Amino acid sequence: MSALSPTLDAAMAAPARGVDTGLRRSRPAHALFVLPFVGLYAALVLWPLLQGFWISLHEHDLLSDEHHFIGLENFANLIDDEFFAQVLWNTLRFVMISVPVFVVVSLALALALNRPGRLGALLRGTFFAASVLSVTIVTLVWRLALMPERGLVSQLLAPLGLGEVGWLTSERLALPTVALVTVWWIIGLPMMLFLAALQQIPADVHEAAALDNASRWRTFTAVTLPALARTVALVAVIELIRECQVFPQIMLLTNGGPNNSSRPLAQFIYEQAFVQLSLGYATAASQVLFAIMLVGVSLQLWLERERKERA
Amino acid sequence: MSTAALTPNPTAAEAGAPARSGFDRAVMALLVLLALLWMLPLLWVLALSFKPNEFLMGRTGVFLGGPYTLENYTDILGTSMVFRWLANSAGVALAQTAGVLVLSSLAGYGFARTEFPGRKLVFVLVMFGLAIPSQTLFIPLHRMFAHAGLQNTFAGLVLPGLAGPFGVYLMTQYFRAIPAELEEAAMLDNASRLKTFLFVILPLTLPAQATLAIFTFLGAWNDYLWPLVIATKPEMYTLTRGLASTQTNFAQSEGLGFLMAQAVFAGLPVLTVYLFFQKYLVSAVAGTGRR
């Protein structure tokens with residue numbers, strides 16, 4: 001709501017009481033407005049969600065479609081599965097590397113680019129541009145750029161003696177490399193969220209700080225950062241939610257290797273279903289992802305509500 | 001110093017310290033450098049896509065000069081199915097965008113501005129959908145669609161994208177913020193509810209429609225997981241899915257120049273659209289952040 005002008009907000013506050021009688025009278029026919037969407041939503045989201053949960057209680061072969069009920073056995077097997085533990089750990093590592101980098105880099109960019117003028121706009125557009133590229137183009141470009149010896153990165157780093165590093169083929173480096181490529185790809189959205197938040201800090205706060213002859217660093221830590229605290233948390237949670245689901249760029253850059261060192265949870269789900277053909281086990285793993293998401297999204301909604309109440 | 005005081009709405013960066021100091025200039029110079037570095041992989045691929053494959057076997061360090069050729073691009077046009085994939089992607093993305101706009105506008109209005117039995121419960125159920133990841137749905141969805149014979153069909157590619165609740169969330173928020181007086185006046189003139197919606201309220205939501213259209217189009221254009229499982233025949237691939245299939249035999253037969261030309265060819269349409277719509281996209285993203 002705060003995205004609209006204050007005049008609009010004021011206008012809607014005044015007559016609200018008289019409206020209830022006429023416009024908001026309950027009529028079953030009004031449900032026709034929401035019916036087309038709700039019908040599709042029930043059929044293509046809620047129903048598959050229930051079905052997925054039901055399938056996770058079965059042993060179910062994708063090709064023969066044979067299945068029998070086994071209760072919670074799939075979930076019990078997941079707990080004992082070392083491979084599943086590894087993909088969970090990989091996903092967690094990916095989140096732990098990428099989310100802090102996302103927050104710090106996008107905040108730094110937003111602070112530096114929060115200025116009027118053409119150059120600022122041009123630079124904002126540049127850092128956002130890669131976000132519109134599809135994942136296959138991003139991975140194609142970076143597979144080429146990260147080739148040992150012949151790739152762009154190797155050539156740039158050759159003077160440092162890093163010309164022959166296998167960025168995507170080393171067990172230690174593969175996952176962090178993909179995380180950094182992901183940051184390069186979609187840094188635009190968090191940067192824009194920070195820019196929007198910066199625009200909302202009242203200018204007089206900074207003017208007062210300037211009059212007090214506060215140093216840049218002091219102004220930043222005492223004024224700007226506290227005003228941004230909630231946005232920092234929001235960006236962290238949004239990226240957490242996105243990166244928990246990480247999959248296509250890993251599949252295309254390293255295919256989960258080397259030696260499973262970069263294989264994430266979502267790829268495990270996909271492969272259990274469409275390579276191992278065991279739908280029950282795959283959907284059980286997907287319920288784990290759903291549970292993680294529920295926690296993350298609840299956190300995000302809570303943060304957004306707090307922010308709105310403050311505004 | 002005086003500039004900061006005179007500007008009606010100075011930004012944080014300017015007001016925070018004596019304006020346009022040497023520090024400011026140094027930061028900007030650094031940022032320009034960083035931006036160039038940021039774009040370097042794309043420029044490198046663009047430059048090398050115009051060089052012969054045999055030349056690239058030897059060295060890839062040369063940006064400018066050296067032999068030029070268009071053979072990599074003519075190879076794409078002649079041999080692969082990219083045009084088919086491009087058309088599929090455009091069709092799917094446009095159909096999904098149109099569908100989402102219509103469905104979300106209707107539902108958003110219904111939830112925000114009308115009352116009917118069970119409205120609150122249904123709304124909560126729909127918002128619950130924001131927390132459901134696509135990886136939890138795609139296996140049962142794939143089964144449903146396979147049973148219904150929708151694999152490798154246009155409808156199969158488009159339909160799941162229409163049921164996402166983000167658009168309804170966005171439009172409901174937006175409809176809520178429109179003053180009720182406008183609607184009341186129209187209703188007093190005995191206009192029907194549908195007419196009021198179509199001719200009075202809907203035109204006011206154009207900015208939100210633009211935001212939603214951009215997000216939906218980009219999301220559909222870049223989707224990977226669903227086309228991966230629902231389109232198994234190459235002629236039904238989307239561009240994103242199709243390019244992935246050509247990457248599996250990476251750096252073997254086709255040559256670096258060909259791969260680079262492919263990346264350029266596939267990336268250029270979106271980047272061009274981005275250049276034209278940049279202003280709207282940037283304000284759209286900022287708008288959702290403020291919500």
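This note goes through the interface between two chains, the nonpolar core and two loop residues of a predicted model.

1. The pairing of the two chains is the natural place to begin. On the side of chain B, 115 residues are in contact with chain A, where 111 residues take part. Together chain B and chain A bury about 10300 Å², and 73% of this area lies on carbon and sulfur atoms.

2. As for charged and polar pairs across this interface, 2 salt bridges are counted between chain B and chain A. In one salt bridge the side chain of Arg115(A) meets that of Asp24(B), with 3.9 Å from N to O. The rule also finds 14 residue pairs in polar contact between chain B and chain A, both residues of a pair being at pLDDT 80 or more.

3. Within the side of chain B that touches chain A, helix H16 of chain B (residues 256-290) supplies the largest share, namely 17 residues. By residue class, this side of chain B is made up of 79 nonpolar, 22 polar and 14 charged residues.

4. The largest nonpolar core comprises 172 residues, and the residues with the most contacts inside it are Trp142(A), Trp44(B) and Phe111(B). The element that gives the most to this core is helix H5 of chain A (residues 82-113), which contributes 12 residues.

5. Ser56(A) sits in the loop that runs between helix H3 (31-55) and strand E1 (58-60) of chain A. Is Ser56(A) buried or exposed? Its relative accessible area is 0%, and because buried means under 20%, Ser56(A) counts as buried. Apart from neighbours within four places in sequence, Ser56(A) is in contact with Gly71(A), Asn74(A) and Phe75(A), and also with Gly280(A), Thr283(A), Ala284(A) and Gln287(A).

6. Asn255(A) likewise belongs to a loop, in this case the one between helix H13 (248-253) and helix H14 (265-274) of chain A. With a relative accessible area of 43%, Asn255(A) is classed as partly exposed, because this value falls between the limits of 20% and 50%. When neighbours within four places in sequence are left aside, the contacts of Asn255(A) are Ile250(A), Arg263(A), Gln267(A) and Glu271(A). Asn255(A) and Thr182(A), which are 73 residues apart in sequence, have their C-alpha atoms 15 Å apart in space.

7. Taking the two loop residues together, a reader comparing them in the model will find Ser56(A) buried and Asn255(A) partly exposed.

Notes. Residues are numbered from 1 along each chain as its sequence is written. Chains are lettered from A and ligands numbered from 1 in the order in which they are written. This is a predicted model: local features need pLDDT of at least 70, side-chain atom pairs count only at pLDDT 80 or more; totals for chains, interfaces and linings use all residues. Side-chain values use heavy atoms; hydrogens and water are left out. Contact means heavy atoms within 4.5 Å. Buried area is the accessible area (1.4 Å probe) that two parts lose on being put together, summed over both. A salt bridge is a side-chain nitrogen of Lys or Arg within 4 Å of a carboxyl oxygen of Asp or Glu. A polar contact is a pair of N or O atoms within 3.5 Å; within protein, one must be able to donate a hydrogen and the other to accept it, and residues adjacent in sequence count only if both atoms are side-chain atoms. Helices (H or I, at least four residues) and strands (E, at least two) are DSSP runs, numbered from the N terminus. Ala, Val, Leu, Ile, Met, Phe, Trp, Tyr, Cys and Pro count as nonpolar, Asp, Glu, Lys and Arg as charged, and the others, Gly among them, as polar. A nonpolar core is a set of buried Ala, Val, Leu, Ile, Met, Phe, Trp, Tyr and Cys residues joined through side-chain atoms within 4.5 Å. Buried means under 20% relative accessible area, exposed over 50%, partly exposed in between (1.4 Å probe, protein chains only).
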